[in-house]
Amino acid sequence: MVILSGGMDSTVCAALAVRDFGAQNVAALHIDYGQRTERREHRAYEEIAHRLDIRTRLAVKTEFFHKIGGSALTDDHIAVPKAPELIGGEIPVTYVPFRNSHFLSAAVSWAEVLGAEKIYIGAVQQDSSGYPDCRPEFYAAFNEAVRTGTKEGKVRIETPVISLRKAEIVRLGLELGAPFDLTWSCYCREDRACGVCDSCVLRMRAFAAAGASDPIPYLSQGEKQ
């Protein structure tokens, strides 16, 4: 199973899973959690799963993140900031409190029903915004909870790209034929990527460092954000 957000990291994980296990043996889980770009990310998930021929799919919706707030991604009263020069120096306001734990819990529940023993999530520690639920220690601890809290204890969370630089993820995705043209990373826009939020800047830097062209549309310089 792959937790497929519609972003480039989870898409590379999906392409890896399809290569290693065959599309017929891969399931894709998507969670709409009230984020600003929910509709655009959902569209990306469906198009990516279709391109990769992943037919076992489940999309679920959680409303409590939007009600809880506290993050620029889910709280209308907190603006998405422009990326600082040094990204990852401190936990930014785009961090959604303990989000990945809820995604993983849903994935583990579905994995038990399907009989899936591996769950891929596109968490990245290097070249990231510094979210605490993207650290390797978090996944080690969560795997222990899964081992003790599931019926057979066989389900395992795997983080195939967690130690890679973003440029390495781009190169790997290109090797795998990952559909980067269908992915969406921007935190605040759904038509053309803003090019200035943390996620856009990290993505643009990654493609540039990999010597590749980013296939998604961005606002041209000088356009209103």
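In this predicted model, Ile3 sits across from Ile121 of strand S4. The neighbouring position in the same pairing is held by Val2, which stands opposite Tyr120 in S4. Both pairs belong to the contact between strand S1 (residues 2-3) and S4, two strands that run parallel and are joined by two bridges. Strands of a sheet pair through backbone hydrogen bonds, either parallel or antiparallel.

From this pairing the view can be widened to the whole sheet. It is an open sheet of five strands, with parallel pairing and the order S3-S2-S1-S4-S5. Its edge strands, S3 and S5, each pair on one side only. At the S3 edge, strand S2 (residues 27-32) runs parallel to strand S3 (residues 56-61), and six bridges connect them. Within this pairing, Ala27 faces Thr56 of S3. The chain links these two strands by way of helix H2 (residues 38-51), and S2, H2 and S3 together form a right-handed β-α-β unit.

The S5 edge can be described in a similar way. S4 pairs with strand S5 (residues 156-158) in the parallel sense, here over three bridges, and Ile119 has Ile157 of S5 opposite. Between S4 and S5 the chain passes through helix H5 (residues 136-149), giving a β-α-β crossover that is right-handed.

Helix H4 (residues 99-114) deserves a closer look. Its 16 residues span 23 Å from the first C-alpha to the last, close to the 22 Å expected at 1.5 Å a residue. The buried residues of H4 are Arg99, Asn100, Ser101, Phe103, Leu104, Ala107, Val108, Trp110 and Ala111. An α-helix has 3.6 residues a turn, so residues three or four places apart point the same way. Just beyond the end of H4, Gly115 adopts a positive phi of about 85°.

H4 also leads to the empty space inside the model. Rolling a probe the size of a water molecule over the atoms shows where empty space is left. Two cavities of 30 Å³ or more are present, and the largest has a volume of about 680 Å³. Its lining is made up of 36 residues, with Ser5, Asp9, Arg99, Gly122 and Tyr187 lying nearest the centre. The elements that contribute two or more residues to this lining are H1, S2, H4 and helix H7 (198-209). By class, the lining of the largest cavity comprises 17 nonpolar, 13 polar and six charged residues.

The second largest cavity holds about 40 Å³ of space. Arg99 appears here again, in a lining that is completed by Leu73, Thr94, Tyr95, Val96, Tyr131 and Asp133. Four of the residues lining the second largest cavity are nonpolar, one is polar and two are charged.

Turning to the pockets, the largest contains about 240 Å³ of space. It is lined by 14 residues, and those nearest its centre are Met1, Asn25, Val26, Ala27 and Ala116. Helix H1 (8-21) and strand S4 (118-121) are the elements that give two or more residues to the lining of this pocket. Nine of the lining residues of the largest pocket are nonpolar, three are polar and two are charged. One of the residues nearest the centre of this pocket, Ala27, is the S2 residue already met opposite Thr56.

About 150 Å³ of space lies in the second largest pocket. Its lining includes Ala111 and Glu112, then Gly115, Ala116 and Glu117, and the run Thr150, Lys151, Glu152, Gly153, Lys154 and Val155. The lining of the second largest pocket divides into five charged, three polar and three nonpolar residues. Among these lining residues are Ala111 and Gly115; Ala111 is one of the buried residues of H4, while Gly115 is the residue with positive phi just after H4.

A final point concerns Ala178, which is located in the loop between helix H6 (166-176) and H7. Is Ala178 buried or exposed? Its relative accessible area is 10%, and because this falls under the 20% cut-off, Ala178 counts as buried. Ala178 also makes a long-range approach to Thr11: the two are 167 residues apart in sequence, yet their C-alpha atoms are 6.6 Å apart in space.

Definitions and conventions. Residues numbered from 1 in each chain as written. Predicted model: local features only at pLDDT ≥ 70, side-chain atom pairs only at ≥ 80, totals over all residues. Heavy atoms only, no water. Pairing = 2+ DSSP bridges. Helix = DSSP H or I, 4+ residues; strand = E, 2+ residues; numbered from the N terminus. Right-handed = clockwise from strand over helix to strand, strands pointing away. Expected span 1.5 Å × (residues − 1). Buried < 20%, exposed > 50% of the residue type's maximum accessible area, 1.4 Å probe, protein only. 1 Å grid on protein atoms, 1.4 Å probe; cavity = no way out; pocket = protein on both sides within 12 Å on 5 of 7 lines; lining within 4 Å. Points joined across faces, edges and corners; volume = space filled by probe spheres on them. Nonpolar A, V, L, I, M, F, W, Y, C, P; charged D, E, K, R; others polar.
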